[in-house]
Amino acid sequence: MELAREKRTLEFRKEKFEIMYHYFKCKDSDEEFVDEAIGNINLVQVYNAFRAKHNLPFVEEIRNIRSRYDLPATTMSQILGFGVNQYGLYEKGDIPSETNARIIQMAASPVEFMKLVGLSDMEEKQKDRIHKKLAGLKNEGNGWRLLYEKSLGIGAPSEFNGFRKTSPEKAYHIVRFFADHQAFLKTALNKLLFYADFYHFKRFGIGVSGLQYRAIQWGPVPSQFDTLFNQAAEKDIIDVRYEIWDEDKEMVIIAPSSKTQFQKELFTAEELDSLQTILEKLKNLKTRQLVDMSHKESAWKENIEGRTLISYTYAFDLLAF
């Protein structure tokens, strides 16, 4: 049996989506087989394409909304007018209808969520408790967060950010994860970021950071890498140092800040495992070796001419992993 991949069109909710279809092929009989893990990669690609096309919230976004309000999933369902277990099912991967999706997206705003609480059929005492809990969030400004997201090139989930809408903090702490283990040159760290995101996408059909990557002379890099490092430094997550090598070369080194710590709780166990795998395999390579390795990837070779954004679907063609 060998793992094979090819572009195929699958149908979901009467719509067709082209994905990189994974399957095992028997060398003797040419029969095809799909186990649970491989089947999940195929399904995740279809679901991601469907959510992106219709601007539906992704699982992480749905979970984060409830986490922000610190309410049980059953209470969220009651406030939003869903079935008692429906919100919990959405957090586990069920895809909401467009109507329910818009209600969930509206609930992301504390002001709008307070209105939904007021319209719900729960008891007035319970409404009052929730209103008090939301009072501190009502006037919370999102301007700076939106500014940071826009500056990093983050938009709606798509193939160019790994179908991942993330907070800037998560991107900063991926940088911090690698810096905690070794002070890397900026050029080398850009390659670690690329491989971390694309390796995780290859495994699970979704990225880690939500960053967009672009092909430039020195390999694939986050499209706004200078902004990323500068913002992380401003928040005392990393230190950006400048050193002179060989008497005339200014080198940029990324090191951990002593004022903060890596926030492990931002990541799932699977994401941490992907980051650790990248670290273990690449930490001993020199910067030139990392650049040369990235230049062999089709993600770079097929996008360098126009210095274009790199689709995460190239993850399935990774040579290094």
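**Helix α3 and the overall fold**

In helix α3, the buried residues are Ala73, Thr75, Met76, Ser77, Ile79 and Leu80. The helix runs over residues 73–80 and is mostly covered, with six of its eight residues buried. Directly after α3, Gly81 adopts a positive phi of about 80°. These values, like those that follow, come from a predicted model.

Helix α3 belongs to a chain whose secondary structure amounts to 14 helices and eight strands. Over the whole chain of 321 residues, 47% are classed as buried. The accessible surface totals about 16,700 Å², and carbon and sulfur atoms account for 49% of this area.

The overall dimensions were also computed. The C-alpha trace extends about 70 × 60 × 30 Å along its principal axes. The radius of gyration of the chain is 22 Å; this agrees with a compact globule, because a globule of 321 residues would have a value near 20 Å.

Contacts within the chain were examined by the separation of the residues in sequence. Of the contacts between residues at least 6 apart, 61% connect residues at least 24 apart.

The charged side chains comprise 45 positive and 47 negative groups. The centre of the positive set and the centre of the negative set lie 3 Å apart.

How values were computed:
Residues are numbered from 1 along each chain as its sequence is written. Side-chain values use heavy atoms; hydrogens and water are left out. Helices (H or I, at least four residues) and strands (E, at least two) are DSSP runs, numbered from the N terminus. The radius of gyration is taken over C-alpha atoms; the globule rule is 2.2 Å times the number of residues to the power 0.38. Buried means under 20% relative accessible area, exposed over 50%, partly exposed in between (1.4 Å probe, protein chains only). Contact means heavy atoms within 4.5 Å. Accessible areas come from the Shrake-Rupley method with a 1.4 Å probe; for residues, only the protein chains shown count as cover. Lys and Arg count as positive and Asp and Glu as negative; His and the chain ends are not counted. The place of a charge is taken as NZ of Lys, CZ of Arg, CG of Asp or CD of Glu.
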